[in-house]
Amino acid sequence: IAQAGGLSPFAAKKRIQLRRVDKSGNENVYKLNFDAIENGAASGGTTRLVDGDVIVIPQRKLFE
């Protein structure tokens, strides 16, 4: 995320998704909370990306 220039003010930091396809072709979706990772409350920051991983950062909702 840092290499891509960081998150915009409109990013939904608590609803980030890591989409990964396993060897059998099934897609797994892992939900990440960027704020919790930054504060050390979640271990998602230790996840290593592999070829084919897709990170989805949705737009924030109005009062999110």
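**Notebook: salt bridges and a surface patch**

I started with I55, and I found I55 in strand 3, which covers residues 54–56. Before going on, I noted to myself that this is a predicted model.

Next I checked how open I55 is to the outside. Its relative accessible area comes to 38%. I wrote it down as partly exposed, because that label covers values between 20% and 50%. I55 also has company: together with I1, L49 and I57, I55 makes up a nonpolar patch on the surface. The accessible area of these four residues together is about 320 Å².

Then I went to Q17, which sits in strand 1. What does Q17 touch, once its neighbours within four places in sequence are left aside? I got V29, Y30, V54, I55 and V56. So I55 from my first entry turned up again, as a contact of Q17. I also looked at the side chain of Q17 and found a polar contact of 2.8 Å with the side chain of R19.

R19 led me on to the salt bridges. How many are there? The count is three. I reminded myself of the basic idea: side chains of opposite charge can pair when their charged atoms come close.

Here is what I jotted down for each pair.

- R19 and E27: the closest N and O atoms are 3.3 Å apart. R19 is partly exposed at 26% relative accessibility, and E27 is partly exposed too, at 47%.
- R20 and D53: the closest N and O atoms are 2.7 Å apart. R20 belongs to strand 1 and D53 to the loop between helix 1 and strand 3, so this pair ties together parts that lie 33 residues apart in sequence.
- K13 and D35: the closest N and O atoms are 3.9 Å apart. K13 is in the segment before strand 1 and D35 is in helix 1 (residues 34–39), so parts 22 residues apart in sequence are tied together here.

Is D53 buried or exposed? I looked it up: D53 is buried, with a relative accessible area of 17%, because the cut-off for buried is under 20%. For the K13 and D35 pair, K13 came out as partly exposed at 32%, and D35 as partly exposed at 27%.

My last stop was S8, in the segment before strand 1, a strand that runs over 16–21. S8 is partly exposed, with a relative accessible area of 39%. How far is its C-alpha atom from that of G40? I read off a separation of 21 Å, for two residues that are 32 residues apart along the chain.

Terms used: Residues numbered from 1 in each chain as written. Predicted model: local features only at pLDDT ≥ 70, side-chain atom pairs only at ≥ 80, totals over all residues. Heavy atoms only, no water. Patch = residues over 30% accessible without salt bridge, like charges linked within 9 Å, V, L, I, M, F, W, Y side chains within 5 Å. Areas by Shrake-Rupley, 256 points an atom, 1.4 Å probe, with all protein chains shown as cover. Salt bridge = Lys/Arg side-chain N within 4 Å of Asp/Glu carboxyl O. Helix = DSSP H or I, 4+ residues; strand = E, 2+ residues; numbered from the N terminus. Buried < 20%, exposed > 50% of the residue type's maximum accessible area, 1.4 Å probe, protein only. Polar contact = N/O pair within 3.5 Å; in protein donor to acceptor, adjacent residues only side chain to side chain. Contact = heavy atoms within 4.5 Å.
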